[in-house]
Amino acid sequence: MMMMEGAIAISRFSASNTPLLIRSMATQKPTPSTTKTVTSKKTTTVFPVGEKPRPGNSSSTPPVKLLTRVEQLRLLTKAEKAGLLSAAEKSGLSLSTIERLGLLSKAEELGILSAATDPSTPSALFSLSLGLLAVGPVCVYLVPEDYPWQIGLQVVVALLSVVGGSAAFGASNLVSTLQKVN
């Protein structure tokens with residue numbers, strides 16, 4: 001019992017008297033101000049407290065010049081040589097059809113062109129492709145084959161996952177190639 005009281009007394013003594021805890025002015029953080037300054041070699045940008053620099057404003061990553069990159073890769077020449085334009089015209093897709101359907105303005109509304117310049121797009125498309133390619137086998141494994149409609153469901157989901165996953169993988173590769181800076 002005496003030993004226990006001694007231990008309590010020591011813990012009370014060390015808890016109440018903390019001679020090892022010394023605060024100095026050098027370790028204290030300054031009071032937060034209303035703005036935070038980020039400085040680079042060329043310019044100084046001021047952000048409100050709590051906000052971080054946006055990826056588009058970063059001077060370390062140059063902006064993606066999509067049309068310049070398409071020209072460098074000679075994609076239009078490759079599409080012409082592959083016969084993609086005549087194949088699209090044979091299937092009923094011509095420039096006048098695209099104009100009549102308003103596909104370019106719809107792509108602009110959906111942000112497809114701005115997504116092509118976003119640095120996170122290739123990884124998002126790659127993740128989507130992996131997810132879609134995994135859904136097909138999972139559906140075939142989990143859905144029983146008791147009725148013909150279940151087999152049909154397996155076939156449709158597997159087909160859509162293979163086509164969608166392959167398209168997302170190809171788009172990821174294309175956007176990644178377009179975003180590379182030479």
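Start by selecting Leu66, Val70, Leu73, Ala116 and Leu178: these five residues form the largest nonpolar core. Helix H2, spanning residues 66–73, is the biggest contributor to this core, supplying three residues. Keep in mind as you look around that this is a predicted model.

Now centre the view on Ala116. Setting aside neighbours within four places in sequence, Ala116 is in contact with Leu66, Val175 and Gln179.

**Colour by confidence**

Next, colour the chain by pLDDT. The chain mean is 76, and 65% of the residues reach 70 or more. Which elements mark the two ends of the range? Helix H1 (residues 2–16) has the lowest mean pLDDT of the chain's elements, at 46, while H8 has the highest, at 94. If you select residues 1–16, you will find pLDDT below 50 throughout, and zero contacts in the model beyond near neighbours in sequence. Where pLDDT is low, the predicted coordinates should not be read in detail.

**Along helix H8**

Move on to helix H8, residues 121–142, and pick out Ser129 within this helix. Is Ser129 buried or exposed? Ser129 is buried, with a relative accessible area of 0%. Show its side chain and look for the backbone oxygen of Phe126, which the Ser129 side chain reaches at 2.6 Å. Then display what surrounds Ser129: apart from neighbours within four places in sequence, its contacts are Gly165, Ala168 and Phe169.

**Two annotated spans**

With Ser129 still on screen, select residues 124–143 and 149–175, which an unreviewed UniProt entry lists under "transmembrane region". Take residues 124–143 to begin with: this span is 95% helix and 0% strand, and its end C-alpha atoms lie 28 Å apart. Switch to residues 149–175, where the chain is 100% helix and 0% strand and the distance between the end C-alpha atoms is 38 Å.

**A charged pair to finish**

For the last stop, go to helix H6 (residues 103–110) and select Lys106 and Glu109, which sit three residues apart, about one turn of the helix. What do the side chains of Lys106 and Glu109 form? They meet in a salt bridge, with an N to O distance of 3.7 Å. Side chains of opposite charge can pair when their charged atoms come close. No need to hunt for others, as the structure holds one salt bridge. Add a surface to see how the partners are placed: Lys106 is partly exposed, at 45% relative accessible area, and Glu109 counts as exposed, at 61%.

Methods. Residues are numbered from 1 along each chain as its sequence is written. This is a predicted model: local features need pLDDT of at least 70, side-chain atom pairs count only at pLDDT 80 or more; totals for chains, interfaces and linings use all residues. Side-chain values use heavy atoms; hydrogens and water are left out. A salt bridge is a side-chain nitrogen of Lys or Arg within 4 Å of a carboxyl oxygen of Asp or Glu. Helices (H or I, at least four residues) and strands (E, at least two) are DSSP runs, numbered from the N terminus. Buried means under 20% relative accessible area, exposed over 50%, partly exposed in between (1.4 Å probe, protein chains only). A polar contact is a pair of N or O atoms within 3.5 Å; within protein, one must be able to donate a hydrogen and the other to accept it, and residues adjacent in sequence count only if both atoms are side-chain atoms. Contact means heavy atoms within 4.5 Å. UniProt positions are given in the numbering used here, feature names are shortened, and annotations may be inferred rather than shown by experiment. A nonpolar core is a set of buried Ala, Val, Leu, Ile, Met, Phe, Trp, Tyr and Cys residues joined through side-chain atoms within 4.5 Å. pLDDT is the predictor's confidence in each residue, from 0 to 100.
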